[in-house]
Amino acid sequence: MTMNTRIVLARRPEGEPTDDCFRVETTELPELEENQILIKVCWLSLDPYMRPRMNDMKSYAKPLQIGDVMTGESTGVVLESKSDKYRPGDHVAAHLGWQSHIIADADNPAVMPVDLANGTLSAHLGVVGMPGRTAYFGLREVGNPKAGETLVVAAASGAVGSVVGQMAKILGLRAVGVAGGPEKCRYVTEELGFDACIDYKADNFAEKLAAACPDGIDVYFENVGGEVTKAVAGLLNPGARVPICGYISNYNDADLEQAETPFHILKRLDSVPEHRFFLVTEWHERWLEATRQLGQWIGEGKLKYRESVGEGLENAPEYFRGMLKGRNFGKQLVKVAD
């Protein structure tokens, strides 16, 4: 008998999610059926996109319903298998929510094998996983970067932004980051190798950003929105491209549909840059390409990363709130089990 601990949506948040928005449940899992596997979750990823999914609003994905398991990706090990595709001991990633154990069909597209040659089990939720692939395709396919150009990326010390800026340097661009606080800015320049990083919390942020981009901005990788986007907007060059990954500064707004988003800010410009929201699933058939390339860059010392690790699935809501406020340093993970 295997018991599963899961965290479900108990009520919709009004602004910041409070403890009563989540409920911890323990259930007994049934026996496996043919073509199913049992996964023990070791690591859970916490990501900004989860917050809008808690709202009852139209979006690129259906909102969570009350009682649904909180959406999210995890990595772990196969404990039992009734499929020829996986064997006990295999490592997998599963986009099947905040749970300690998962029963899944072996051919479920939300489950994929993990090759530890490309990175650790936790890294497959970060730098070589969904965030890394988001950076890889968002920059290359939407940002269309060219050597010699200037790129600015918001949330530069985070799981996506840190990869975007380091990729920009690999591709021959000037990379300018935006991050919160001097410690994060030092990390972005001294350890990740960005050309500059501007603290959005500091006085005269807009002026400092302009000074760091004397030739204007050709690519702005959007993760934050709000005042950062407003400061960037006036520096965008003709022909600039803006891949929009997200805008975390708005996610706790009481009514996100009434929020001033990057789309509103950019469309007010006299010269509206090429911009669009994108999802990493647009390149699903090329995910392995990205993971292998990112893993190769790590092996070559060209790509560095940091992880913020919390302990215990039951503490995921608190780490989630902290991530939305920028308290994490690098990819926010929850260690669920060894």
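In this predicted model, helix α5, formed by residues 205-212, lies across strands β8, β9 and β10. The direction of helix α5 is at about 170° to that of β10.

The strands beneath this description belong to an open sheet of 6 strands with parallel pairing, arranged in the order β10-β9-β8-β11-β12-β13. Its edges are β10 (196-199) and β13 (274-277), each of which pairs on one side only. From one strand to the next, the twist averages 15°.

Within the sheet, strand β8 (residues 150-154) is joined to β11 in the parallel sense over 3 bridges. Val152 has Tyr220 in β11 as its bridge partner. Helix α3, residues 159-170, also packs on the sheet, where it touches β8, β9 (174-179) and β11. The directions of helix α3 and β8 make an angle of about 170°.

Strand β11 covers residues 217-221 and includes Ile217. Ile217 counts as buried because its relative accessibility is 0%, and the cut-off for burial is under 20%. Beyond its neighbours within four places in sequence, Ile217 is in contact with Thr150, Val152, Val232, Leu235, Leu236, Asn237 and Ala240. Pro238 is 21 residues from Ile217 along the chain, and 9.1 Å separates the C-alpha atoms of the two residues.

Elsewhere in the sequence, helix α1 (residues 50-53) contains Arg51. With a relative accessibility of 0%, Arg51 is therefore classed as buried. The side chain of Arg51 is joined to that of Asn55 by a polar contact of 2.8 Å.

Conventions. Residues are numbered from 1 along each chain as its sequence is written. This is a predicted model: local features need pLDDT of at least 70, side-chain atom pairs count only at pLDDT 80 or more; totals for chains, interfaces and linings use all residues. Side-chain values use heavy atoms; hydrogens and water are left out. Helices (H or I, at least four residues) and strands (E, at least two) are DSSP runs, numbered from the N terminus. Buried means under 20% relative accessible area, exposed over 50%, partly exposed in between (1.4 Å probe, protein chains only). A polar contact is a pair of N or O atoms within 3.5 Å; within protein, one must be able to donate a hydrogen and the other to accept it, and residues adjacent in sequence count only if both atoms are side-chain atoms. Contact means heavy atoms within 4.5 Å. Two strands pair if DSSP finds at least two bridges between them. Axes are lines fitted to C-alpha atoms, for helices over the stretch in contact, and angles run from 0 to 180 degrees between N-to-C directions.
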